[in-house]
Amino acid sequence: DQTPEGPNAAVLVDPTIPTDNVVIEWEPPNNVCSSIISCSITKNGDPSWRTDLTCSGTVTDLVTTQTTYTVDCIKTNNTHVTKSVIVNVLLNYQEF
């Protein structure tokens, strides 16, 4: 079996609460950090949202609208591994 060449980014979110937090979790291929120099996360195209991150970890963010996160890690051979995740938020309507 071949392991994909990219961080295994996972997003956990409760879609029924539009003001809830989302947790972005990432880890390197095969859980080996020695091949990763640093990682960053782009939020909706903003490359400066989270920078100088370690090869694995979690980041929490407040989400109220559809948001795209891209985890980008630089490897020791100067290549990049990236993975994007899209968080959709469903509004919880209440009748009065």
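Two strands count as paired if DSSP finds at least two bridges between them. Strands themselves are DSSP runs of E with at least two residues, while helices are runs of H or I with at least four residues, and both are numbered from the N terminus. With those terms in hand, let us walk through the structure above. It is a predicted model, in which local features need pLDDT of at least 70 and side-chain atom pairs count only at pLDDT 80 or more, whereas totals for chains, interfaces and linings use all residues. Residues are numbered from 1 along each chain as its sequence is written, and side-chain values use heavy atoms, with hydrogens and water left out.

Let us begin with the overall plan. The protein chain has 7 strands and 0 helices, so to speak a β-β-β-β-β-β-β pattern when read along the sequence. Of its 96 residues, 30% count as buried, where buried means under 20% relative accessible area, exposed means over 50%, and partly exposed lies in between (1.4 Å probe, protein chains only). The protein chain exposes about 6100 Å², of which carbon and sulfur atoms supply 48%; these areas come from the Shrake-Rupley method with a 1.4 Å probe, and for residues only the protein chains shown count as cover. Contact means heavy atoms within 4.5 Å. Among contacts in the protein chain with a separation of 6 or more, 56% are between residues 24 or more positions apart.

Now to the sheet. Which order do the strands of the open sheet take? Its 4 strands run β4-β3-β6-β7, with antiparallel pairing. The edge strands, β4 and β7, each pair on one side only. From one strand to the next, the twist averages 20 degrees; axes here are lines fitted to C-alpha atoms, for helices over the stretch in contact, and angles run from 0 to 180 degrees between N-to-C directions.

Follow the sheet across, starting at β4. This strand and β3 run antiparallel and are joined by 3 bridges, with Lys-43 opposite Asp-46 in β4. The two strands form a hairpin with 2 residues between them, and Asn-44 in that hairpin takes a positive phi near 50 degrees. On to β6: 7 bridges join this strand to β3, again in the antiparallel sense. Here Lys-43 stands opposite Tyr-69, and Ile-36 stands opposite Lys-75. Strand β3 is largely enclosed by the rest of the structure, because 6 of its 8 residues are buried.

The last step across the sheet takes us from β6 to β7, which pair in the antiparallel sense over 8 bridges. Thr-68 stands opposite Ile-86 in β7. These two strands also form a hairpin, with 4 residues between them.

A good residue at which to pause is Thr-67, in strand β6. Is Thr-67 buried or exposed? Its relative accessibility is 3%, so Thr-67 counts as buried. The side chain of Thr-67 reaches the backbone oxygen of Thr-65 at 2.8 Å. That falls under the heading of a polar contact: a pair of N or O atoms within 3.5 Å, where within protein one must be able to donate a hydrogen and the other to accept it, and residues adjacent in sequence count only if both atoms are side-chain atoms. Beyond its neighbours within four places in sequence, Thr-67 is in contact with Lys-43, Asn-44, Val-85, Ile-86 and Val-87.

Next, the interior. A nonpolar core is a set of buried Ala, Val, Leu, Ile, Met, Phe, Trp, Tyr and Cys residues joined through side-chain atoms within 4.5 Å. The largest one here has 17 residues, and Ile-24, Trp-26, Ile-41, Tyr-69 and Cys-73 touch the most other members. Two or more residues of this core come from each of β2, β3 (36-43), β4 (46-53), β6 (67-75) and β7 (80-87). Strand β2 (residues 21-26) is also the place of Val-22, which counts as buried because its relative accessibility is 0%. Val-22 and Val-63 lie 41 residues apart in sequence, yet their C-alpha atoms are 6.4 Å apart in space.

Finally, a look at some backbone angles. Most residues other than glycine have a negative phi, and most peptide bonds are trans. Asp-52 has a positive phi near 55 degrees. This residue lies in strand β4 and counts as exposed, because its relative accessibility is 69%. Asn-78 has a positive phi as well, near 65 degrees. Its place is the loop between β6 and β7, where Asn-78 is exposed with a relative accessible area of 60%.
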